[in-house]
Amino acid sequence: MSPPIDLGLPLVPPEPVAECGVCAVLAEQRVGELRAGDFSRATDRSVEIRRHDAGHGGG
Ligand SMILES: [Zn+2]
């Protein structure tokens with residue numbers, strides 16, 4: 001078990017949609033990248049979450 005991380009991100013991460021599997025995967029990858037100190041990739045991941053977000057509104 002790992003403790004939750006609080007890195008005080010300079011960016012506002014998009015909220016992953018709870019019911020969306022893609023959000024879950026991307027958010028998980030982002031956590032791993034943050035832990036690795038790879039902020040550049042984590043930012044890209046945030047962008048991915050935001051972009052694919054367009055598919056959420058349709059229902
Ligand atoms: Zn999603």
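**Chat about a two-helix chain**

Modeller: Before you ask, this is a predicted model. In this chain, 47% of the contacts with a separation of 6 or more are between residues 24 or more positions apart.

Colleague: OK, what does the secondary structure come to?

Modeller: There are 2 helices and 0 strands.

Colleague: And how many of the residues count as buried, as a percentage?

Modeller: Just 8% of the 59 residues.

Colleague: Let's look at H2. Which of its residues are buried?

Modeller: Ala-42, Arg-45 and Ile-49 are the buried ones in H2. They sit on the same side of H2, because the arc they cover around the axis is only 55 degrees.

Colleague: What's on the face turned away from that buried side?

Modeller: That face of H2 carries Ser-40 and Arg-51, which are exposed.

Colleague: So what covers the buried residues?

Modeller: Helix H1, residues 21-35, is included in what covers the buried residues of H2.

Colleague: Any pair you can show me across the sequence, say with Ile-49?

Modeller: Take Val-25, which lies in helix H1. Val-25 and Ile-49 are 24 residues apart in sequence, and their C-alpha atoms are 9.5 Å apart in space.

Colleague: Why does Val-25 count as partly exposed?

Modeller: Because Val-25 has 14 C-beta neighbours inside 10 Å, and partly exposed falls between 12 or fewer for exposed and 20 or more for buried.

Colleague: Switching topic: what span should H2 have, and what do its ends give?

Modeller: H2 has 14 residues, 39-52, so at 1.5 Å a residue it should span 20 Å. Its end C-alpha atoms are 20 Å apart, which agrees.

Terms used. Residues are numbered from 1 along each chain as its sequence is written. This is a predicted model: local features need pLDDT of at least 70, side-chain atom pairs count only at pLDDT 80 or more; totals for chains, interfaces and linings use all residues. Helices (H or I, at least four residues) and strands (E, at least two) are DSSP runs, numbered from the N terminus. The expected span of a helix is 1.5 Å times one less than its number of residues. The arc is that of the directions from the helix axis to the C-beta atoms. Two residues are in contact if their C-beta atoms, placed from the backbone, lie within 7 Å.
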